[in-house]
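Visitor: Got a minute to look at a model with me? I'd like to talk through its sheet and its pockets.

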Amino acid sequence: MNPQRFRRFLHQLTQHACVAVAAVSFTQTASAAPPSAATAEATATWETKTVASDDRESKQQDVEIYRGGKLIARHHSSLLGTPGLYPLHSPSGLPLTRDYPMEEKGKYEKDDHHHHRSLWFTHGIVNELDFWLDKPTPHTGYVVQTSMSKEEGEDGITLTTNNDWNDPDGNRVLSDQRQWTFSESQGDTVIDLDVRLKATDGDVTFGDTKEGTLGIRVAGSIKVDAKLGGTGQNAEGLKDGAAWGKKSAWVDYSGPIQQAGSDEPSDWPTAGITMFYHPGNSQPDCYWHVRTYGLFAANPFGRHHFGQPEYEGVKIADGEHLDLHFRIVLHDGGFDREKSEQHFADYADTKPSL
């Protein structure tokens, strides 16, 4: 410490009663080791940046989520026609979802399923309308964000949006409120999604179909069909195609992330996404639409496509609501069953915000 800075320090100490104690504290602090990487990770700050929507017709804004200066996700008010998250990055910054159709398809991507947009929440049968597909038809519905607010804190970020589910003519069929809460646990990024589906315009029925509901399309190099080591597996240990149509509390999809300048997949880092269904949901059973081409979706409404008895779906009476709760964990490294089980135990002990 230079003489001028030291004299200023002594002057400050004289303003306190315990000069000797403060001097000792200073000596200890000056000789302490720099903070560890773990400490730096624990104290990484959360920040947001509000940006204009890519959709010129949207009157809403998008929000980018950062932790420790790294982009975690961007919430789009209109992700080519429906709210969603793109991109999604692991804590170290690895891209976890495919670029298409938001951008040109990558080496391991296919230009299929235009409605599979990174991470989204819709359903295929809602009062005979299809909100899952996006091809304009007399039966295609659209989800439109109407408002957004955000809260920033030391421990994370919360975004709250309100959305209308409209028919092709723009008439509202129902509305929802979504609360996205971004935080950290076990070194992973945790995103809690709490959804309140509200029958604002008459009775609403969510029908029996595999086409739903909270969907994620992973990066092309992660998908099983890329044959680079990616795999999807559920809480019961069923993998890849065997996990399709099964009831489970959670599913993980992990694999290698393509790296620019390297053609050797064995040298690429691995990362993945685990999606959890809260055990306190009023719809107790969640079936999973897990595909080896990179889709996995949590579906609490579908039955007959998954080999279960067909039924009439779930009805929300006019003026009533239905709440659903999910957790999405973004992690570096491959699938870790013990860690995933701990994440689920922690989530099961968490009271949803809605």
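Guide: Sure, we'll take the sheet and then the pockets, bearing in mind that this is a predicted model.

Visitor: OK, in what order do the strands of the open sheet run?

Guide: Eight strands make it up, in the order β6-β7-β8-β9-β18-β14-β13-β12, with antiparallel pairing. The edges are β6 and β12 (231-234), each of which pairs on one side only. From one strand to the next, the twist averages 15 degrees.

Visitor: And what packs on the sheet?

Guide: Helix α4, residues 337-348, does. It touches β8, β9, β12, β13 (250-256), β14 and β18, and its direction makes about 35 degrees with that of β14.

Visitor: Let's zoom in on β9. Why is it largely enclosed?

Guide: Strand β9 covers residues 188-198, and nine of its eleven residues are buried, meaning under 20% relative accessible area, so the rest of the structure largely encloses it.

Visitor: Which strands does β9 pair with?

Guide: One is β8 (residues 172-185), antiparallel over eleven bridges. Another is β18 (residues 321-332), also antiparallel, over ten bridges.

Visitor: Any residues I can click on?

Guide: Try S183, whose bridge partner in β9 is V190. For β18, look at I191, which stands opposite I328.

Visitor: How many residues sit between β8 and β9 in the hairpin?

Guide: Two, and Q186 in that turn has a positive phi of about 55 degrees.

Visitor: What about β18 and β14, how many bridges there?

Guide: Seven, with β14 (residues 270-277) running antiparallel to β18. T274 has V329 in β18 as its bridge partner.

Visitor: Switching to pockets. What's the volume of the largest one?

Guide: About 370 Å³. It is lined by 17 residues, and D55, E57, S78, V143 and V144 are the closest to its centre.

Visitor: Which strand gives the most to that lining?

Guide: That's β6, residues 142-153, with four residues in the lining of the largest pocket. So we're back at an edge strand of the sheet.

Visitor: What's the lining like by class?

Guide: For the largest pocket, four nonpolar, nine polar and four charged residues.

Visitor: And the second largest pocket, what volume does it have?

Guide: About 180 Å³. Its lining includes P95, T97, D99, K107, Y108 and E109, along with A219, S221, I257 and Q258.

Visitor: How does that lining split by class?

Guide: In the second largest pocket there are four nonpolar, five polar and three charged residues.

Notes. Residues numbered from 1 in each chain as written. Predicted model: local features only at pLDDT ≥ 70, side-chain atom pairs only at ≥ 80, totals over all residues. Heavy atoms only, no water. 1 Å grid on protein atoms, 1.4 Å probe; cavity = no way out; pocket = protein on both sides within 12 Å on 5 of 7 lines; lining within 4 Å. Points joined across faces, edges and corners; volume = space filled by probe spheres on them. Nonpolar A, V, L, I, M, F, W, Y, C, P; charged D, E, K, R; others polar. Buried < 20%, exposed > 50% of the residue type's maximum accessible area, 1.4 Å probe, protein only. Pairing = 2+ DSSP bridges. Axes fitted to C-alpha atoms, helices over the stretch in contact; angles between N-to-C directions. Contact = heavy atoms within 4.5 Å.
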